[in-house]
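Got the viewer open and a selection box ready? Let's take a walk through this one, stop by stop.

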Amino acid sequence: MNSWPWTICMFVFVVIFHYNGCLGCLEEERVALWKIKASIKWNLTDCLRTDNRYPPIPPFCTWVDDKTSDCCTWESVKCSSFTGRVIQLSLAGTYNSEEYKHFLDVSLYTPFEELQHLDLSRNFLNWTIEDLERLSKLKKLEVLDLGSNLFFNKSNTVPSIPTKVFFSNKSDTSTVPFLGELRSLKTLILSYSNLAGSLSDFAKVLTNLNNLEFLDLSRNNLDDFFPFDDLRNMSKLKILNVSSNNFLGRIPPSILSLSSLEALSLRETNIKEDSISNLRNLSKLKILDLSYNNFSGRIPPSILSLNSLEALSLRLTNIKDSISRFCELTKLQDLDLSGNKFEGIFPPCLNNLTSLRMVDFSDNQLSGNIPSSLISNLTSLEYIALSRNQFDRSTLSSMLLASHTNQLKVLRLSNCNLNMSTSDLLNFLHNQHDLRDVDLSHNNLHGKFPTWLFENNSLLEYLILANNSINGDIRLPSSPMNLTMIDISKNQIHGKLPTNTGNIFPSLATLNLSKNSLEGRIPSSLGNREGLWVLDLSNNNFSGEIPESLAMSSRLSALILSNNRLDGQISPNLFNLPLDILRLNGNQFTGIIPNLTPSKLSQLLTLDLSRNLISGEIPTWIGNLTELRTLVLGNNSFVGPIPLEFCNLVNIIFLDLSQNYLSGPIPSCLNLTSLQYMHLQVNNLTGLMPEALLKSPNLKTLDLKHNNLSGSIPSWLALLSNLRIILLKGNHLSGSIPHEFCQLNKILILDLSHNAFIGPIPPCFSNITFGKNGSVEPAFLDRIQINYGASTNTYPSRFDDGDFDDEGTYVLDQYQEQEEVDFVTKSRSDSYRGDILNYMAGMDLSYNEFTGDIPPELGALIAIRALNLSHNQLTGSIPKSLSDLKQLESMDLSHNKLSGQIPSELIGINTLAVFIVAYNNLSGRVPDKAQFSTFNVSSYEGNPSLCGLQPLQKQCNTSKDPVISVILRQARLAEKFGIDPISFLSSFAGTYVVYLLGFVIVLYVNPNWRGLWFNFIDAWLSFIFPFCSK
């Protein structure tokens, strides 16, 4: 049979079919694509961008409503070269993620019958069960990515707040029944999709997906794992990612049935070390991520038996062992052991791991030097991270990186005790020209700014040299670079910042030059940068006005210009940026804040305009910033009342309006449910303490001192049980302290001074802990780190996006407000800030009208450091129980009506530095031992009955009354020899009388002895008579 005609026909058919495909996509699919474009909100202006910043330019710029336009050439659309039909749609991140009210019309995608790849991830779309079922029509789908979307049941009445979808046998509406129909699926990604519940029923649906090779269910809230029987048919599965779920207990045996598994992520799943004992059965496993679990102890032996491993991450698993145990895994390429307790020196056997290209041993307890062989033998190394270990100072010189033939891409040696000059650093790195990420912070580097790092590494993206001693001025490279992060904070750099900084670094996302000595004006070139995210120039000497161009940086999220010498009026346009953090405190800004309606400031978290010269009333629009966590407007010249709109700040944690000229009452409508720190001190506020404070149950600091508040302390204040600091000094408060006040047993600092309180000091004050060790959990932190800044993952690790997501963030730790209060102790006002507040305890009741005795119960406040009861009407004696205050540093009892002696037991308070009892009615001798010998006359003046050579220079035995003299002499003997004079005299008199009576009785009974005694007396008188007569 002649096959030529059939061959020619087939050739013509293929050519025609292929030619028709090249003419363009089908009309029905072109229309469907245009409908997809019309259903999505996007900005037409983004099509004019030329940068590569995030978010990317939307693909719809090339989707035109023109029948002559071939949709197969449109961006994110791929067609078959034979059929001309759409086979791939990549629409990740194309929806406006700022709004969470999108519903996806799945019917727009059903016309693409030949679709093989559909990516709708990172769109935060609301999916319904019905939408998912319609996707089952796409029978040829091989890749389905629905990650970072929001699943919920359509029966919910509030679609803007999606609820979690639970997989359960009892549910009549299974969330994913359609998946079992997509038998061609090879890749299924449902990560970060708000799923919750058990995976058991979900696994039964997956049973039919026999061709599945990649399954990603990470970042959900799944609390169970696959049953063994339901996974037997998934024999082709190569990649399984179930990280960031909540799998408690052991890994089920079902994992061991996946004989083809090559990559497995159990990151952050709460599994224990004994649950991975059978991983050795996965002989083909090449990538294993067990990070962020708690494997206390040594390395699980099952891991060391996986001889095919190429990438292993045990980051933050609490392992304490030696790195040498990994030397048998000779195929390793990526090894991440960061954040553990590995100790000892680098083992020589690491030289056997010749395939290593990435090592991260940061945040461990390694010591000694890094052997030069580690660098010379491991010629494939491209990523070295050894930050925060305990290496010797000679570490860097021994690495001999200059002889390293391969080019490093990442070098992270933060806090490695380098202690070298930048010229030595040049010798170390002069052979490296491909660095992308360099972190040498916290190393005491000194010398001139290393401009050569820019010149030698044109592809550099991240440069972190923070907290060193680098000096000189900043010299920029001559041509633009693509750096996205520069952190040179906490150095000694001076001079002016070059005016073309923004032009040289057009891709900057984060620039941190804080805590240097830079001066001059802020370059306007830093502004109008759509990619700029964080700009921190705080704690320098910049002057002049803020460049107006900064207000045109449309993506700016954090602007920190604190503690400079900037002046002028704050531009209203700054308040129209989509900022999370705005700190302009500690400058010389003047004028008023305009009363406007910011359009993009709704997500602002921190606003700090304190310590400026701003005047006028506080704008009411600040009260509409309902996401605010920190608001600091203190130390300005604001006038008028506190805006009633502030009552809406339900998320505010730190509120500081202190040291202004605010007047009127504290708003009674306050609904500050998240408030922890309130500072309204030094204003002209009037009225009563509002009961609305009860709506702030987490309140820790209440500082209302130096206002004009009146009334008494309300009994309801005791319901704020988390209060640590109460400062009501300098108001017009009166009345007695309610007994309920003693229920505030967590108080550390209490200042009620300079008011008009009356009545006795409540003895129940002894119930308040005042910092007693272990009695109250710490409430104040010295430094709180928050993840803020740009990603620092510039190296394509095997744990990055594509296989497993391992996002890195740049940590800026100065954006959390520290608590700070002023308190008088040791006769001076001191400021206490941050963590020290957990250890400072004091009570000041001075300048009131308290009466009665000092309660002896105050001796139970054993952790108190400052006690001031001066300027009251207290009577009685000083309680001896105060000698139990062994940590007391300052005691002021002056200007009262106390009487009696100063208890000598107070000598036992070795920490006492200030002791004042002046102007009372005290008497007796002043203690002069131990630290009491250091107190001067001013501590005792105004007590005429006190005596003592030191410090009063006044004898205590000058009385002319013989009886008083005897008593004083007896007192001195008692103090000198430790003898009670009354007891001594009584015993002596008794002994004398007994002896005399016994002698008389003996003479009476025995006449011979009586005669001898009288003869002796007669002879003695005869002997002394001649002398007496003379």
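Start by selecting strand 60 and strand 62 (residues 921-925): two bridges join them, and the strands run parallel. Remember as you go that this is a predicted model. To see one of the contacts in that pairing, pick Ser-899, which stands opposite Asn-921 in strand 62.

Now widen the selection to the open sheet that these strands belong to, three strands in the order 60-62-63 with parallel pairing. Which strands stand at the edges? They are strand 60 and strand 63 (945-947), each with a single partner strand, so one side of each is left without a neighbour in the sheet.

**Next stop: a salt bridge beside the sheet's sequence**

Select Lys-880 and Glu-905 and show their side chains, which meet in a salt bridge at 3.9 Å, N to O. Lys-880 lies in the loop between strand 58 (873-875) and strand 59 (890-892), while Glu-905 lies in the loop between strand 60 (899-900) and strand 61 (914-916), so the pair ties together parts that are 25 residues apart in sequence. Colour by accessibility if you like: Lys-880 is exposed, with a relative accessible area of 55%, whereas Glu-905 counts as partly exposed at 33%.

**Asp-321 and its two partners**

A search of the whole structure turns up 20 salt bridges, so let's pick out a few more. Select Asp-321 and Arg-298, whose closest N and O atoms are 3.3 Å apart in a salt bridge. Asp-321 sits in the loop between strand 15 (311-313) and strand 16 (334-336), and Arg-298 in the loop between strand 14 (287-289) and helix 5, so this pair ties together parts that are 23 residues apart in sequence. Add Arg-325 to the selection: its side chain also meets that of Asp-321 in a salt bridge, at 2.8 Å, N to O.

Buried or exposed: what is Asp-321? Asp-321 counts as buried, at 7% relative accessibility. Arg-298 counts as exposed at 56%, and Arg-325 counts as partly exposed at 24%.

**A network, and a strand residue to click**

For a salt-bridge network, select Glu-382, Lys-409, Asp-434 and Arg-436, which are linked in one. Then click Ile-384, placed in strand 20 (residues 383-385). Ile-384 counts as buried at 3% relative accessibility. Put a distance label between the C-alpha atoms of Ile-384 and Arg-412: the separation is 6.2 Å, with their positions 28 residues apart along the chain.

**Strand 30 and its neighbours**

Move on to strand 30 (residues 517-520) and look at its two faces. Leu-518 and Gly-520 make up the covered face, and Ser-517 and Glu-519 the uncovered one. In a regular strand the side chains alternate between the two faces of the sheet.

Show the neighbours next. Strand 28 (residues 492-496) runs parallel to strand 30, and three bridges join the two; here the bridge partner of His-494 is Ser-517. Strand 30 also pairs in the parallel sense with strand 32 (residues 541-544), over two bridges. Which residue of strand 32 is the bridge partner of Gly-520? That is Phe-542.

**Into the core**

Time to go inside. The largest nonpolar core has 231 residues, and among its members Leu-717 and Phe-765 touch the most others. Helix 2 (27-38), strand 1 (77-79), strand 2 (86-90), helix 5 (301-304), helix 8 (422-429) and helix 9 (452-456) each supply at least two residues of this core.

Zoom in on Leu-717 and show its contacts. Leaving aside residues up to four places away in sequence, Leu-717 touches Met-689, Leu-702, Leu-723, Ile-726, Phe-741 and Leu-744. Then make another selection for a second, separate core of ten residues, which includes Leu-727, Val-821, Met-840 and Ala-866. In soluble globular proteins, nonpolar side chains tend to be buried together.

**Last stop: nonpolar residues on the surface**

Finish with a surface view. Select Trp-1013, Phe-1014, Phe-1016, Ile-1017, Trp-1020, Leu-1021 and Phe-1023, which make a nonpolar surface patch of about 760 Å². Pick Phe-1023 out of that group: this residue lies in helix 13 (residues 1007-1029). Phe-1023 is exposed, with a relative accessible area of 52%.

Methods
Residues are numbered from 1 along each chain as its sequence is written. This is a predicted model: local features need pLDDT of at least 70, side-chain atom pairs count only at pLDDT 80 or more; totals for chains, interfaces and linings use all residues. Side-chain values use heavy atoms; hydrogens and water are left out. Buried means under 20% relative accessible area, exposed over 50%, partly exposed in between (1.4 Å probe, protein chains only). Helices (H or I, at least four residues) and strands (E, at least two) are DSSP runs, numbered from the N terminus. Two strands pair if DSSP finds at least two bridges between them. A nonpolar core is a set of buried Ala, Val, Leu, Ile, Met, Phe, Trp, Tyr and Cys residues joined through side-chain atoms within 4.5 Å. Contact means heavy atoms within 4.5 Å. A salt bridge is a side-chain nitrogen of Lys or Arg within 4 Å of a carboxyl oxygen of Asp or Glu. Patches are made of residues with over 30% relative accessible area and no salt bridge: like charges are joined within 9 Å, nonpolar side chains (Val, Leu, Ile, Met, Phe, Trp, Tyr) within 5 Å. Accessible areas come from the Shrake-Rupley method with a 1.4 Å probe; for residues, only the protein chains shown count as cover.
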